[in-house]
Every structure is written in structure tokens, then in C-alpha cells.
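Hi everyone, thanks for coming. I'd like to walk you through some side chains today, so have the picture open while I talk.

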Amino acid sequence: MTASSIAPARPHWSSRLMFVFAASGSAVGLGNIWKFPYIVGENGGGAFVLLYLACLIGLGAPLLIGEVFVGRKGGEFPASAFLRVAREKAMSRLWGGLGALGAIIALMILAFYSVVSGWVGIYTVDFAQAVLGGDAARSGADAFSAMLADPTLQLSAVTAIVVTAGLVIYYDVTGGIQSVMRYVAPLFVVLLVAMLVMVAATTGKLGEAFTYMFQPDFSALSVDAFGEALGHAFFTLSVGMCGMLIYGAYLDDEANIPRLGISVALLDTAIAIAAALIIFPIVFAFNLESNGGPGLLFIALPQGFTLLPNGDLFGLGFFTATLLAAFSSLIALMIIARHWLEETLNVSGSSATLMAAGATWIGGAAVTLSMTVWDSISILGLSLFDFLDQATSSWLLPISGLGMAIFVSRAIVPDMPEGPVKIYLRAGLTYIAPLGIVVLIWSKAVGF
Ligand code: TRP
């Protein structure tokens, strides 16, 4: 399909609020609830939070806004969108490659994202059974390892989630997301706020968690912290992969993209901070490990829940909220793969959806098997899971982010009306992003 064959008449969000819901549904996910708290814990708290906020404001939000602009101008198919805008600006056709890069990263992320979403699903069902009077819910390191060692359980969870997500997209991209997000977004926010209030009341440790999160201790920062903060700023805002580009394509011409983009970034940040302020008080109240890494959500937190009055109910609320967030991000990731497959293989949207869901399932199954049956396999000394996580967050996302920053600063920013927004985007995309990303890649490749 060529860029010019994209029909300008495309579906639109039923309102701009729906764009904010859908884009936040993409941004708010396991990155906020699972990853953010544990990397804050691994990097010692406040100083890392500051560094992360700086990356978010300096590079993340400008890129998010830039991506949405490219989508509105170029249409909902990633590679064609870049090509179309590039052609108009007499820039190279190679920029279309950013679409392919985005789709490859999406598929790599999906492979482990579907597995972690599956774990969240397993814990949710478990807490629900506990609330209904069944056995005690899963808690502690042994229960987590037992789940990791069970390929059948994990594969069933991955299958259930991928099939459901596939159906929502198959049904109709914007319509599917809108009908899901209309209920998911309010339910999610209510659950999160209720959890925050209840945890603060029962543990009495909210103050301590606040201090931990917002009082910087720069001695706790390692050199790698910058890379982690930057990679996570991209990951959590879902930028650098054309997901926001696709959603931008469904926006009307009058929508104020910078304002919408900032709302999404603010919501995403508020939710990450709220999640951390739910998790750390529990960790502190029961002297659990705050630097427990990826297990924080699945080991320390459920342990804390079992010690709280009505803990099963807390657990159910928390894991349900996490599942909703993970699911809406999974949909957004699959949509990237779908759109790119559709334009590249020139197949119908429904076939592309089937392929994207199939590829996600295969990736999820491979990650599951690599942790269980094939656990001796490693790539560059890493497990498949860690390889996919690190390759995407530390390398591929920054590289495609750099490409997009350069593209937007040349193709979009010059045409913007003079004013503070243009100054902000130019600063972020022309100067801060390239500098930050080059320093990051250099530090990874050569070390300091
Ligand atoms: N932002 C999501 C999260 O925090 C993960 C993610 C990264 C994503 N890139 C994406 C989701 C692209 C959808 C589309 O969990």
C-alpha cells in the first residue's frame, strides 16, 4: 500500500476525551504498576524519581506529542504515515523504517508483556477465590516460583488474555477500545483511589513512603540509573513505537494535541506515583524488601496483603486494577502490530488482527517455555524474558525514540505557530532527546 492510497476519511474518536482515555489506557499499564515501583526500589527512591520525572518532561512528553502530530498528519498506518509526511517535506523514504522498527519492538514487548499480564490474571483469580472462601491466596516467594514452574497454568493465562484482546480489536479498533475504556478507566481510578486510602489507613506508613519517594538521596543513584529512567520514560508513555501515532490519526483537525498529550503524561505519572504509594507503605509496614526487583508485585505485595485485615479483598482490588491496566496496554501493543502488518502485507484488518494475536501468543508461549521446559536457553547470557525486556527498554526504544525526535523536529516543529509549545518541543526534540539518548547509548556501549 502506498502512502497516497490512505483514504483521508478515517474513523474518529467519539470525543477528545475518548482519545485521552485510549491513550492513557495504552500508557498506563504494567510499566506503572509493576515496573515503576520496583525500579524505584532498586534505585533507592527519591533521587531516581526526580531523574525519571526530568526524562519524562524533557523527552517523553515532547515525543508523545510529536508522535500524535505525525499520526494526525500522516494517517493510521505507521510506515505510510512517516513516508507521507517525509515525502511532503522532501525527506528520505528511509524514515518509513520507523514504522517497522515500532512494530518489531511492539512484538518483542508483547512476548513478555503477555506473560506478566497472565501472572496478574492468575493472581486476580486466586484472590477472587480466596475472597469467596476458597483456599488462602497465593503469597510469598514459593508460590511465585511454583507458578513460574508451571507452564500449563501460564500458557492458559496467556491464551485467555491474548484471545480476549484479539476479539476486542477484531471487533473494531476505535470502537473496540472506546467500548472497553469507557468502563475500564473509571473502574480503574475508583479501585486505585480506594486502595490508596485503605492502605494509608491500615498501615499508617503513607508518610514514610512519601519521604522515600520524594526525598532525594543522590548517593543511592548508580550510573545505570539514568539509562533506566530514560528507557522507562519511553516505555511508560508508550512512545517510540507508533502506538500514539495510530491514536493520533483518529483525532480531528482542531484537537489541541499538546494539551491532550500533556494530560496523558500527567495521568500516567499520577498513576505510577499512586501505585508506588500503595505498594511501599505495605512493604515498609511489614519490613519486606523494597528492592525485590520484578518480584515486588508478586512476592512482597501479596505477602503484605495476607498480613492486613481484609487482605484478600485488598489483593483482589489491587490485582483487578492491575489486570485492567495491563489488558488495555496489551490491546494497544497488538494494534501497533496489526496496523503495520496490514499495510506491509497488504491484508485486511481482520487478517492482520489474527496474525498479530497469533504472533503475540507464539511470543508469550516461547517466553513461558523458556522459563520452564527450555530453561537452559540463554541469549547473550540473559534469559529470553530479560533479553526482551532489556533489548527493548535499553536499546531499541531509545534508538527509535531518537529517530522520531529527529524526524518530528525537522518535519513537524518548523510548521508550528511560534509560542511556548514550539519552544518546548524544539528544546525537547532537537536538543534534549538527541543528547540524552546519545549519552545513554554511549554509556551502554562503552561504559563510563
Ligand atoms: N506503556 C505501557 C506500560 O506502561 C507499555 C507500553 C510500552 C506500551 N509501549 C507501548 C503499551 C506501546 C502500548 C503501546 O505498561
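**Rings, charges and a greasy patch**

Let's start with two residues, Y212 and F284, which are both buried. Keep in mind that this is a predicted model, so everything I say is about that prediction.

How are the rings of Y212 and F284 arranged, then? They make an aromatic pair of the edge-to-face kind, with 5.3 Å from centre to centre and 85° between the planes. If you're new to this, a pair of aromatic rings is described by the distance of the centres and the angle of the planes. Now follow the chain: Y212 is in helix α9, residues 206-214, while F284 is in helix α12, residues 257-285. The two residues are 72 apart, so this pair links distant parts of the chain.

How many aromatic pairs turn up in the whole structure? The search finds 25 of them. Here's another one: Y113 and F235, with ring centres 6.4 Å apart and planes at 45°. That angle is why we call the pair tilted; the tilted class is what remains once you take out planes under 30 degrees apart and those over 60. Y113 belongs to helix α5, residues 97-131, and F235 to helix α10, residues 224-236. Again we have a link between distant parts of the chain, this time 122 residues apart.

Buried or exposed, what would you say for Y113? Y113 is buried, at 4% relative accessibility. F235 is buried as well, with a relative accessible area of 10%; the cut-off for buried is under 20%, so both values qualify.

Stay with F235 for a second, please. The charged end of K35 sits over the F235 ring, 4.4 Å from the ring centre. K35 also shows up in another place, among the contacts of D389. Leaving out residues up to four places away in sequence, D389 touches K35, Y38, F112 and S394. D389 itself lies in helix α16, and with a relative accessible area of 9% it is buried.

F112 from that contact list takes us back to rings. It's part of one aromatic cluster, together with W119, Y123, F127, F144, F298, F305, F314, F318, F319 and F385. Try colouring those on your screen.

Okay, on to charges. Side chains of opposite charge can pair when their charged atoms come close. How many salt bridges does the search of the whole structure find? The count is eight. In one of them, E88 meets K73, and the closest N and O atoms are 3.3 Å apart. E88 is in helix α4, residues 78-88, and K73 is in helix α3, residues 46-74, with their positions 15 residues apart in the numbering. E88 counts as exposed, at a relative accessible area of 55%, whereas K73 is partly exposed at 32%.

K73 has another partner too: a salt bridge joins the side chains of D415 and K73, 3.8 Å from N to O. D415 is in the loop between α16 (384-411) and α17 (420-445), and it is 342 residues away from K73 in the chain. D415 is partly exposed, at 47%.

Now compare that with R338 and E342. Their side chains meet in a salt bridge as well, at 3.4 Å from N to O. Both residues lie in helix α14, four residues apart, which is about one turn of the helix. Where the K73 partners had some exposure, R338 is buried, and so is E342. Going back to shared partners, salt bridges join K73, E88, K89 and D415 into one network.

Last stop: the surface. Which residues form a nonpolar patch there? V131, L132 and L313 do, with about 320 Å² of accessible area together. L132 is in the loop between α5 and α6 (140-148), and it is exposed, with a relative accessible area of 75%. L313 is in helix α14, residues 311-345, and at 52% relative accessibility it counts as exposed too. One more thing about L313: M195 is 118 residues away from it in sequence, while their C-alpha atoms are 10.0 Å apart in space.

That's my tour, so please ask away.

Definitions and conventions
Residues numbered from 1 in each chain as written. Predicted model: local features only at pLDDT ≥ 70, side-chain atom pairs only at ≥ 80, totals over all residues. Heavy atoms only, no water. Phe/Tyr/Trp six-rings, centres within 6.5 Å; stacked < 30°, edge-to-face > 60°. Buried < 20%, exposed > 50% of the residue type's maximum accessible area, 1.4 Å probe, protein only. Lys NZ or Arg CZ within 6 Å of the ring centre and 35° of its normal. Patch = residues over 30% accessible without salt bridge, like charges linked within 9 Å, V, L, I, M, F, W, Y side chains within 5 Å. Areas by Shrake-Rupley, 256 points an atom, 1.4 Å probe, with all protein chains shown as cover. Salt bridge = Lys/Arg side-chain N within 4 Å of Asp/Glu carboxyl O. Contact = heavy atoms within 4.5 Å.
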